[in-house]
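Work through the exercises below with the structure open. Try each task before reading its solution.

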Amino acid sequence: MEITLNNRPEIVDKNVLSIQELIELKNFTFKLLVTKLNGTLVKKDQRKSVTIKDGDKVDVIHLISGG
Amino acid sequence: MSTKAIKEMTFKEIKKIVETKTVGIAGAGGLGSNCAVALARTGIGKIIVADFDTISESNLNRQYYYFEQIGQNKAFTLSDNIYFIDPDIKIEVHPIKLGPDDIVRIYKDCDVIIEAFDRADMKQMIIETVQTELPHIPLIVGSGMAGWGDSNSIKLRQIDNLYICGDEKTEIAEDTPSLAPRVGMVANMQANVALEILLKS
């Protein structure tokens, strides 16, 4: 399926994929992330159960200390 | 976002709009103090600021405070410093450590909320809280600004009404400290995004 990940088109070789699986597939290793699916917040404890479909827009935000 | 409309406004016209607006700032450190000052100079009507921390000497390399203010609470002192710039700006001060319930209570009537924490876990907490409990309020976050140079790495990413300012990669460390130039760039970028939102709303 084809999704939009952080504003870029991304082809994933799977039909069903959870947010958590996408994070592992893309090797996003940061401890503190915020994830959004089609603009809606997906909290950490929901990442394993929320699945991504063809055409979905996924945003992964890395939160970095400093300010 | 188009900036055409903004460029066509005089400062008098800009002030007339922003003096009716309220901006919430969560944290009064490097991001919060510099962002608040930029918004104050633009004539924002009301600023709501919260920070439990006191000013230490090590903060003066980037935060909008003075040597003689060391030891004072950051939120109250920021209120003083804004008063010296423009005594007409209303400032609401909360000298507390913010949790999810406080964020909803304090910032629920703001037109825009600025995330100005230093710790990544607090940044995550405020994004999850505002996007869940106050999803109609735009939230402007700073993430990734440590070190120096590499100016073009600092950018804006918009995901609906969540705005991320910073390089999204450079973490604070012994050899990549937080310094005034890049922290100031992100703080002023947050103020600029807030202004753009307020002038369009």
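The exercises that follow concern a predicted model, and they cover an interface, a salt bridge, two pockets and one helix residue.

**Exercise 1. The interface**

Task: State how many residues of chain A and of chain B are in contact, and what area is buried between the two chains.

Solution:
- Step 1. Take the residues on each side: chain A has 22 residues in contact with 30 residues of chain B.
- Step 2. Take the area: about 2,100 Å² is buried between chain A and chain B, and carbon and sulfur atoms give 57% of this area.
- Step 3. Find the main contributors on chain A: 30% of the area that chain A buries against chain B comes from I64(A), S65(A) and G67(A), more than from any other three residues.

**Exercise 2. Charged and polar pairs across the interface**

Task: Find which residues form the salt bridge between chain A and chain B, and name the elements that hold them.

Solution:
- Step 1. Count: the rule finds one salt bridge across the interface of chain A and chain B, while the count over all chains is 10 salt bridges.
- Step 2. Place the pair that crosses between chains: D59(A) is in strand β7 of chain A, and R157(B) is in strand β6 of chain B.
- Step 3. Check the distance against the cut-off: a side-chain nitrogen of Lys or Arg must lie within 4 Å of a carboxyl oxygen of Asp or Glu. The side chains of D59(A) and R157(B) meet at 3.6 Å, N to O.
- Step 4. Recall the general point: side chains of opposite charge can pair when their charged atoms come close.
- Step 5. Add the polar contacts: 10 residue pairs are in polar contact between chain A and chain B, with both residues at pLDDT 80 or more.
- Step 6. Look at the elements: on the side of chain A that touches chain B, β4 (33-37) and β7 (57-62) of chain A give two or more residues. β7(A) gives the most, with five residues.
- Step 7. Sort that side of chain A by class: nine residues are nonpolar, seven polar and six charged.

**Exercise 3. Two pockets**

Task: Give the volume of the largest pocket and of the second largest pocket, and describe each lining.

Solution:
- Step 1. The largest pocket has a volume of about 380 Å³. It is lined by 14 residues, and L5(A), N6(A), R8(A), R157(B) and E168(B) are the closest to its centre.
- Step 2. At least two lining residues each come from β2 (8-11) and β7 of chain A and from β6 (155-159) of chain B. β6(B) has the largest share, three residues.
- Step 3. The classes in this lining of the largest pocket are four nonpolar, two polar and eight charged residues.
- Step 4. The second largest pocket has a volume of about 300 Å³. Of its 20 lining residues, D51(B), F52(B), D53(B), F117(B) and D118(B) are the closest to its centre.
- Step 5. The lining of the second largest pocket divides into seven nonpolar, six polar and seven charged residues.

**Exercise 4. A helix residue**

Task: Locate Q20(A) and list what it touches.

Solution:
- Step 1. Q20(A) lies in helix α1 (residues 19-25) of chain A.
- Step 2. Its side chain makes a polar contact with the side chain of E24(A), at 2.9 Å.
- Step 3. Leaving out residues up to four places away in sequence, Q20(A) touches R47(A) and K48(A).

Technical notes. Residues are numbered from 1 along each chain as its sequence is written. Chains are lettered from A and ligands numbered from 1 in the order in which they are written. This is a predicted model: local features need pLDDT of at least 70, side-chain atom pairs count only at pLDDT 80 or more; totals for chains, interfaces and linings use all residues. Side-chain values use heavy atoms; hydrogens and water are left out. Contact means heavy atoms within 4.5 Å. Buried area is the accessible area (1.4 Å probe) that two parts lose on being put together, summed over both. A polar contact is a pair of N or O atoms within 3.5 Å; within protein, one must be able to donate a hydrogen and the other to accept it, and residues adjacent in sequence count only if both atoms are side-chain atoms. Helices (H or I, at least four residues) and strands (E, at least two) are DSSP runs, numbered from the N terminus. Ala, Val, Leu, Ile, Met, Phe, Trp, Tyr, Cys and Pro count as nonpolar, Asp, Glu, Lys and Arg as charged, and the others, Gly among them, as polar. On a 1 Å grid over the protein atoms alone, a cavity is a set of points where a 1.4 Å probe fits but cannot get out, and a pocket is an open set with protein on both sides within 12 Å along at least five of seven lines; lining residues have an atom within 4 Å of a point. Grid points are joined across faces, edges and corners, and a volume is the space filled by probe spheres set on the points.
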